[in-house]
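Hi there,

Here is the structure I promised to pass on. Have a look at it first, and then read on for what turned up in it.

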Amino acid sequence: MAVAEEKTSPQTSDNSWHGVVLQTLKRNDVRLVPYVPDRVLTPLIKNLHADPFFTTFATAREEEAVGIVSGAWMGGMRSAVLMQTSGFATLANVLASLAIPYQIPLIMFVSERGTLGEFNYGQSLVCRTMRPVLDSLAMEHHTITRFDELEFIADRSIKQAITTQAPVALILSPLLTGGKVFDK
């Protein structure tokens, strides 16, 4: 049984959450990665910039990144967007009017803020509304809390988004990433 599992589950050599995400994107030929800067996502963003396989750049707003990814898909390129929870609050319109009706396989990696010791009340409000908004749009979403599930969930979610031409949100819990460190 272990041999069969080993053959069906590709493994990465990097033991960090961001290394697994990078290798999973690469394995699925996701080459374009626009993002809105975020402290939690910084290690992933730096590694994407350092890898010539990827075209990675910052955008001013999350809606801009979704528009870029949508255009890239229409041009034949696979893409993903990186953002934090608060940025998700701006996306209901672009999801409901572009990504979902035009069947864009938008792959969103969202670093979760607003929970587990969050100091910013605004982040907490957005965190509580994110999943209900995704549910109301009937949009696939998964919260990843454990490193041992990260590769499987990310890989299968990307494959499903592409084959069904439907968006997916992968919410990266602070239990996985360590979250934002709050200095006193």
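Let me begin with one residue: threonine 56 is buried, as its relative accessible area of 11% is under the 20% mark. You will find threonine 56 in strand β2. Leaving out residues up to four places away in sequence, threonine 56 touches Val33, Tyr35, Leu48 and His49.

Before going further, please keep in mind that this is a predicted model. The average pLDDT for the protein is 89, and 90% of the residues score at least 70. The start of the chain is another matter: over residues 1–12 pLDDT stays under 50, and the model has seven contacts beyond four places in sequence for that stretch. Where pLDDT is low, the predicted coordinates should not be read in detail.

**The sheet**

Strand β2 belongs to an open sheet of six strands, and going across it you meet them in the order β2-β1-β3-β4-β6-β5. The pairing is parallel. β2 (55–58) and β5 (140–144) stand at the edges with a single partner strand each, so one side of each has no neighbour in the sheet. From one strand to the next, the twist averages 20 degrees.

If you would like to look at one pairing in detail, try β1 (residues 30–35) and β3 (residues 78–84), which run parallel and are joined by three bridges. Leucine 32, for instance, has serine 79 in β3 as its bridge partner. Strands of a sheet pair through backbone hydrogen bonds, either parallel or antiparallel. Helix α4 (residues 62–74) lies across β1, β2 and β3, and runs at about 170 degrees to β3.

**Salt bridges**

How many salt bridges does the structure hold? There are nine. Side chains of opposite charge can pair when their charged atoms come close. Here are three that I looked at.

The first one to show you is between the side chains of lysine 26 and aspartate 51, at 2.6 Å from N to O. Lysine 26 lies in helix α2 (residues 17–27) and aspartate 51 in the loop between α3 (42–50) and β2, so this pair ties together parts that are 25 residues apart in sequence. Is each partner buried or exposed? Lysine 26 counts as partly exposed, at 28% relative accessibility, whereas aspartate 51 is buried, with 13%. Beyond its neighbours within four places in sequence, aspartate 51 is in contact with Leu22 and Lys26.

Next come arginine 27 and glutamate 151, whose side chains meet in a salt bridge of 3.2 Å, N to O. Arginine 27 is in helix α2 and glutamate 151 in helix α8 (residues 147–164), so the pair ties together parts that are 124 residues apart in sequence. Arginine 27 is partly exposed at 33% relative accessibility, while glutamate 151 is buried at 11%. Both residues also appear in a network of salt bridges that links Arg27, Glu151, Asp155 and Lys159.

Finally, arginine 131 forms a salt bridge with glutamate 112, and their closest N and O atoms are 2.7 Å apart. This pair links distant parts of the chain, 19 residues apart: arginine 131 is in helix α7 (residues 121–136), and glutamate 112 is in the loop between β4 (107–111) and α7. Glutamate 112 is buried, with a relative accessible area of 9%.

**Two backbone angles and a distance**

Most residues other than glycine have a negative phi, and most peptide bonds are trans. Which phi does alanine 138 have, then? Its value is positive, near 55 degrees, in a residue other than glycine. Alanine 138 is in the loop between α7 and β5, and counts as exposed at 71% relative accessibility. Glutamine 165 has a positive phi too, of about 50 degrees, although it is not a glycine. You can find glutamine 165 in the loop between α8 and β6 (168–172), where it is partly exposed, with a relative accessible area of 32%.

For a sense of scale, try lysine 46, which is in helix α3 and counts as exposed at 58% relative accessibility. The C-alpha atoms of lysine 46 and glycine 122 are separated by 27 Å, and the two residues are 76 apart along the chain.

Happy viewing, and best wishes!

Definitions and conventions:
Residues numbered from 1 in each chain as written. Predicted model: local features only at pLDDT ≥ 70, side-chain atom pairs only at ≥ 80, totals over all residues. Heavy atoms only, no water. Pairing = 2+ DSSP bridges. Helix = DSSP H or I, 4+ residues; strand = E, 2+ residues; numbered from the N terminus. Axes fitted to C-alpha atoms, helices over the stretch in contact; angles between N-to-C directions. Contact = heavy atoms within 4.5 Å. Buried < 20%, exposed > 50% of the residue type's maximum accessible area, 1.4 Å probe, protein only. pLDDT = per-residue confidence, 0-100. Salt bridge = Lys/Arg side-chain N within 4 Å of Asp/Glu carboxyl O.
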